[in-house]
Each structure stands twice: as structure tokens, then as C-alpha cells.
Amino acid sequence: MLLLEVISGETLPKPDRGKMRFHKIANVNKALDYIASKGVKLVSIGAEEIVDGNLKMTLGMIWTIILRFAIQDISVEEMTAKEGLLLWCQRKTAPYKNVNVQNFHLSFKDGLAFCALIHRHRPDLIDYNKLSKDNPLENLNTAFDVAEKYLDIPRMLDPDDLINTPKPDERAIMTYVSCYYHAFQGAQQAETAANRICKVLKVNQENERLMEEYERLASDLLEWIRRTMPWLNSRQTDNSLAGVQKKLEEYRTYRRKHKPPRVEQKAKLETNFNTLQTKLRLSNRPAYMPTEGKMVSDIANAWKGLETAEKAFEEWLLSEMMRLERLEHLAQKFKHKADAHEDWTRGKEEMLQSQDFRQCRLNELKALKKKHEAFESDLAAHQDRVEQIAAIAQELNTLEYHDSVSVNARCQRICDQWDRLGALTQRRRQALDDAERILEKIDILHLEFAKRAAPFNNWLDGTREDLVDIFIVHTVEEIQGLIDAHAHFKATLGEADKEYQSIVGLVREVESIVKQHQVPGGLENPYTTLTANDLTRKWADVRQLVPQRDATLQAELRKQQNNEMLRRQFAEKANAVGPWIERQLDAVTAIGMGLHGTLEDQLHRLKEFEQGVYAYKPHIEELERIHQAVQESMIFENRYTQYTMETLRVGWEQLLTSINRNINEVENQILTRDSKGITQEQLNEFRSSFNHFDKNRTGRLTPEEFKSCLVSLGYSIGKDRQGEIDFQRILAVVDPNSTGYVHFD
């Protein structure tokens, strides 16, 4: 019962003073009835068990009392007592490191949660930053000692038990933590009461401050409006764009720098006034009435007048700006067009007065003329610009531009210069036309000279080459043809001289024009590199070479006539020797074929031919002498004969060789006949058969012709392998050197 009175703060019925068992049971029942009256349901707890000293029952009842009177009153966001106490611990310890309260057993085991709760409400009692999670015993002792000493919270828990127990008792920790909650909540309620008193005093002081500030701000704002209005109502200007721009910049500075603080001041003043009235109304105090002339409506009217003046001032500034900008734009437009025109005309007078075309060739002059025509077109196009400049100057005068004097002077200079440019342009055009006519005349003469000088020069070069050309002729007819052609050429020299004089006359005419008009470079012909001096020199060379050519041709004619005589001499002799050698060769060949009598007769006749040939040799020697003269005269062909010395020499040697060979063959045949006992008839048969198969009359047979010859003589040669072997044996005898041919002997 005493525990209930202390923990609940209420008085229980007077207890029985007896020491008997029923007295004790009665007192316990009174306590149980009081607990039941507070809405706590006691299940399986009876007075008899408690009086009998049932430890478990007694502890359960004590926990029920603590839960009801110490913990159940805790209320956080309409949660149960346990959940609310846990949420309170979580919120209070949230800012602290190494603290994470999730339950009432393990979360408080290292002591940091207890220390965090104390430091959160009384930071002067514990230096939390010096605590470590690794020293739970020190943390617990620190928290329990401080709570007992400064917060009147007894040491309900044993630090060693908390550390050594795997899971500390949740109810014990909840009971101890609830003491922290009641201790700190009681202090907070006392502080709240004191704060309410202070708040009332502060509200009154704040109201007085707001009143004073309103009066001060209102006076300051109205005074600023009064000073600003004359400046906004002023319409004076120096009639210059710079002056109006300066005023506009001042106005923009006013809107950008000076007015925004006043707008904030006005808003603050209205906010303070509304706040003050609201606070007075909530405090059940009479509304605040500012002094006369400082009402919110007075300030609003003054501000409205300021804004009206601002709008009118800005409109005036903008309209004045537009007017002066247009005037300044006209002045700038005049300056820009005048600058552009003067830039364009710069150097034009010097260009038009220049005599540069005097040093030009025709193509350069034509380019200058084209350039001048382009300038004339450009000049005509700039007429509009000059007229625009004059019109703008007139408009500036009409609008009374402040610097009209300089504008008019500049406009007059431009107009005067324009007139001078027109006159100079006409004079330069005339000078260019005159110069073009002169250069065109010179150019026509140069072109005519080039057209006529080139073929004439080619004719001179060809003629010089022909006159000095080394000719090679072999007949009188050829040299006579050259002489006739040269005579025909000489007949054309008269016309050539006329052409020469005409061409040189063109150059003299050019020289006359160049000298008369002092045309620099006029003598240079752009169409050709030929000059009159070149033609004159070459024409003189031709005149000298013509008689020299005459002498050369006549000498050659005499030479060819002598050659013709040599040809006739050689031909006459060769035409006699050649047929004689051919007749002798035919006769020797006929004897060699055995067509004339016996072998002795053939041998006799061959020796007679041999003597006759040696007797004819002086004719060959005479022909050699004539041939020597022909060679010395470099005669390579002779149309009067088909024989050459080489063919005659070969024929002579063949004749001698044929005679000697046939004599030798006949002698060998006689020896063979006599040694073999061959009759003349057999020999004639052999010759006849040999000559039959020697169709080309070469005096020899091929192996196949020889085989046919043997067969015709009655020799049997088989067509088998044995027959071939026999034939090869015979062939080895008649052709021991394997020449591939068989002779008659």
C-alpha cells in the first residue's frame, strides 16, 4: 500500500495494524482493489499467495504496478506505453553515433543509449564525444552515477549483469528508462510554463516594436516619395540624344537600385501592419491606429501617385528618345553614306587623271577600257547615293539638327567632287578611245606582218636549205631535172622580191606611227618573234646562194656526162663477155654429161675448151680496167647491161672450175672403165640412167634418187629390213664421207 501511494501520488484506505494472517491478507486485498479500480486486470494473482511469500506472484504484481503507474501513463502519438517509450528513446538518441535503439534489452547493453538520453537533455552532465562503444562498463557506470546524483534516479540496474547477461531483462530496463522519461518530461513541463510567461512579455514587446517600426518606415517612405516626385515630373532636356540617354539611364538606375528597396520597404510596412493587427486581435487588444497621414491608405495613395508619375516619365523619356534617335539615326545615316561615298571616291580623281594607258599594249588598253566602262557604270549607280546624301542633309536642316553647318559643308564638298568626277570620266573616255584607235592600227599592221612574214620566212628557210642541200644523182637525167627546177625557181624570185618589199613596208609604217605618237613598246610585235632585219638578212643570203647553186649544178652535170660514157663502155664490153661465158659453160656441161662420143673424145674437146678460155682472158682484164674507172667515179648502177663485174668474175671462175672438174671426171671414168672392164655401151647406159634421175642437172643424186637409179639398172633391192641394210652398205661405199649425195664417178 505504501508503494502504491508513493508511485501513484494518491492516498489509499487506512491499513489494518494487526499482525495476524487475515490482517495481512486484508491489506493486500486493499492494494489489489485499488489496482483494480485503476482499470488493471489482475490474472491469477491472489492475496494469499503474496502473503505466503510466493516470489513469482509478488514480482508479477510489482511489475503490474510499475507498468500501470510508471509506464502506462507514457503517451507518444497514441501508441501503447511500451511502443511510445521506445519511440521516445529513438527520437532522442537519433543524432548520436553508435546508438540504434530497437528494443529494451540489447540496444541498451553498451550504455551509450543511457548516456545519449542524459546528454540530449543535460549536455552539461556528460561529455558524449569521449565515450566509446568498446567500454560498456564505463558507459553504464557513468550513466547510472550521473542519473543518481543529478536526476534523483536510483541505480535500479547492475552494470555487470547487463554486460554479462546475453539478453538483459526487458522489464527492468523499461522501468529504469521510464524514470528517465518522467524526470525529463517534468523538467520540460516546468520550462514550458516559464516559456509561456516569457512569450507573453515578448509578444507585448514585439507589438510595441512593430508599432515603432511602422511609424518609422511610413515616415521614411513618404519622405522619399515626396523627394522623388519633382524629379519624375521634370520634362527638361538639352535636346540631345546623349542627354536623354543619360536621363533614361538615371531612371533605369532608379528602377534597378533605388526603388526595389522601397518596394521591399512598402511590402514590409504592410506586412508589419497586418501582423501587428493580427497579434493584437489574437491577444484581445484594441487595433493599432497609426498617426495622421501615415495610414496604410495614405501610403497606398502616395505610392499610386509615384507609379503614375513613373509611367508618365518613362513614356516621355521613350518618346523623346525615339524622336532624338530618329534625328541621330538620320545624322548617322548621312555620316555612313558620306563615309562610304568618300571611301569610294578616294583616289578616283587621281585614277581618272592618270596617263597610265600611254604605256599599255593593245590588250592592256582594252582591259583598261573595260575597267573604265565598269567604272562609268559604277559612277552612274552612285548617282542615287549622292542624291540620297543631299536628301538626308535637307531633312536634317528641316528638323533643325544641331550640327547642320558641318552637314551642309560636307554635302557641298561631295556634290562638287561629283561634278569633277563626271568631267574627268568623259575626258579619260575620249583619251582611251584615241589611244585604242592608234594601237589597233599598229596591231593590225603587226598582225598583217606576222601573217605574211611567217610563210615568207618559212619560204626563205626552205629556199636556203634547198640551195645549200647536198644532192646525190646518178644519171644525166636526174641532174638535168635539178637544173630545170632551179631555173623555174629563179623565175619566181621577182615575185618574192615584191613580197619582201611589201612586208618590210608594213614595218616602216609601224615605225612611222610609233614615232609620230610616241607609243612606248609599239615596235614590239606580239604576234611573232620575226623582225624585218631577220627577213632582210635571209633574203640577202638567198640572193647570194642562187649563183652558187648554178655553178654547183653545172659541175655535177659535167660529172654525170662523164659517168654516162663510162657506163656505156662497161656495158658494151660486158654484153660481149657475159654471153660468151654462158655459151662456154653450156658446152662444158653438155660434154660432162657424156652426150658427145667416147670418153677420149670428151677429154680432147674439154682440153680444147680449156685452151680457148685462157686465150679469152685479156678481154676479162680489159673489163676489170673499165670497172676500176667506174668504181672510182662512184657509179653503182648501169641500165645498159644486166651484167656486173661481180657476176662476170663468178661466171669466169665457174667456167674454169667446170672445165677442170669435167676433165678430172672424164679421166677418172677412163681409169675406172679400163680397170673394171666396163664397155662403152655400159658406161653410156650408166650415164643415161644417172642423167635421167639427175633432173636438176646438179651432177649428183640424193639417196632416194640413187636407189631408183640402181633399180633402173637392174639391181634388186628388197623392201624389207635386209634390203635396207644392203642399200646402206652400198651407200657407205659410194658416199664414204656421208655428204648425202652420190656423184657419177
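User: How many of the ten residues of helix H6 (residues 112–121) are buried?

Analyst: This model is predicted. A residue counts as buried when its relative accessible area is under 20%. Helix H6 is mostly covered, since seven of its ten residues meet that description. They are Leu-112, Ala-113, Phe-114, Cys-115, Ala-116, Leu-117 and Ile-118.

User: Which cluster do ring pairs form with Phe-114?

Analyst: Aromatic rings are paired when their centres lie within 6.5 Å. Pairs of this kind link Phe-114 with Phe-104, Phe-108, Phe-144, Tyr-176, Tyr-180 and Phe-184 into a cluster. Phe-114 is thus listed in that cluster and among the buried residues of H6.

User: How many aromatic pairs does the whole structure hold, and how are the rings of Trp-580 and Tyr-616 arranged?

Analyst: A search of the whole structure finds 29 aromatic pairs. For Trp-580 and Tyr-616, the ring centres are 3.7 Å apart and the planes are at 10 degrees, so this pair is stacked. The pair links distant parts of the chain, 36 residues apart. Trp-580 belongs to helix H18 (residues 532–592), while Tyr-616 is in the loop between helix H19 (599–615) and helix H20 (617–632).

User: Are Trp-580 and Tyr-616 buried or exposed?

Analyst: Both residues are buried.

User: How should I read a salt bridge, and how many are found in the whole structure?

Analyst: Side chains of opposite charge can pair when their charged atoms come close. In the whole structure, the search finds 38 salt bridges. One of them joins Arg-262 to Asp-220, with the closest N and O atoms 2.4 Å apart. Arg-262 lies in helix H10 (residues 241–282) and Asp-220 in helix H9 (residues 170–233), so the bridge ties together parts that are 42 residues apart in sequence.

User: What are the relative accessibility of Arg-262 and the relative accessible area of Asp-220?

Analyst: Arg-262 has 16% relative accessibility and counts as buried. Asp-220, at 33%, is partly exposed.

User: Which helices hold the partners Asp-541 and Arg-464?

Analyst: The side chains of Asp-541 and Arg-464 meet in a salt bridge of 3.6 Å, N to O. Asp-541 is in helix H18 and Arg-464 is in helix H15 (residues 404–468), so parts that are 77 residues apart in sequence are tied together. Asp-541 counts as partly exposed at 23% relative accessibility, and Arg-464 is partly exposed at 25%.

User: Where do Arg-649 and Glu-646 lie?

Analyst: Both lie in helix H21 (residues 645–676), three residues apart, which is about one turn of the helix. Their salt bridge has its closest N and O atoms 4.0 Å apart. Arg-649 is partly exposed, with a relative accessible area of 32%, and Glu-646 is partly exposed at 41%. Salt bridges may also share partners: Arg-209, Glu-213, Arg-216 and Lys-268 are joined into one network in this way.

User: Which residues make the nonpolar surface patch?

Analyst: Leu-3, Leu-55, Leu-59 and Ile-62 make this patch, with an area of about 370 Å². Helix H4 (residues 55–71) gives the most to the patch, with three residues. Ile-62 is found in helix H4 and is partly exposed, with a relative accessible area of 31%.

User: What is notable about phi in Asn-98 and Ser-738?

Analyst: Most residues other than glycine have a negative phi. Asn-98, however, has a positive phi near 65 degrees. Asn-98 lies in the loop between helix H5 (81–93) and H6 and counts as partly exposed at 46% relative accessibility. Ser-738 also has a positive phi, of about 55 degrees. Ser-738 is in the loop between helix H24 (721–734) and strand S2 (742–743), and counts as exposed at 63% relative accessibility.

User: Into which domains is the chain divided, and which residues does the UniProt annotation "domain: EF-hand" cover?

Analyst: The division gives domain 1 (193–326), domain 2 (347–530), domain 3 (544–677) and domain 4 (680–744). The centres of domain 2 and domain 4, taken over C-alpha atoms, are separated by 101 Å. According to the unreviewed UniProt entry, the annotation "domain: EF-hand" covers residues 681–716 and 722–745. Residues 681–716 are 64% helix and 6% strand, with their end C-alpha atoms 21 Å apart. Residues 722–745 are 54% helix and 8% strand, with their end C-alpha atoms 26 Å apart.

Notes:
Residues numbered from 1 in each chain as written. Predicted model: local features only at pLDDT ≥ 70, side-chain atom pairs only at ≥ 80, totals over all residues. Heavy atoms only, no water. Patch = residues over 30% accessible without salt bridge, like charges linked within 9 Å, V, L, I, M, F, W, Y side chains within 5 Å. Areas by Shrake-Rupley, 256 points an atom, 1.4 Å probe, with all protein chains shown as cover. Helix = DSSP H or I, 4+ residues; strand = E, 2+ residues; numbered from the N terminus. Buried < 20%, exposed > 50% of the residue type's maximum accessible area, 1.4 Å probe, protein only. UniProt positions renumbered as here; feature names shortened; annotations may be inferred. Domains from an automatic or database assignment. Phe/Tyr/Trp six-rings, centres within 6.5 Å; stacked < 30°, edge-to-face > 60°.
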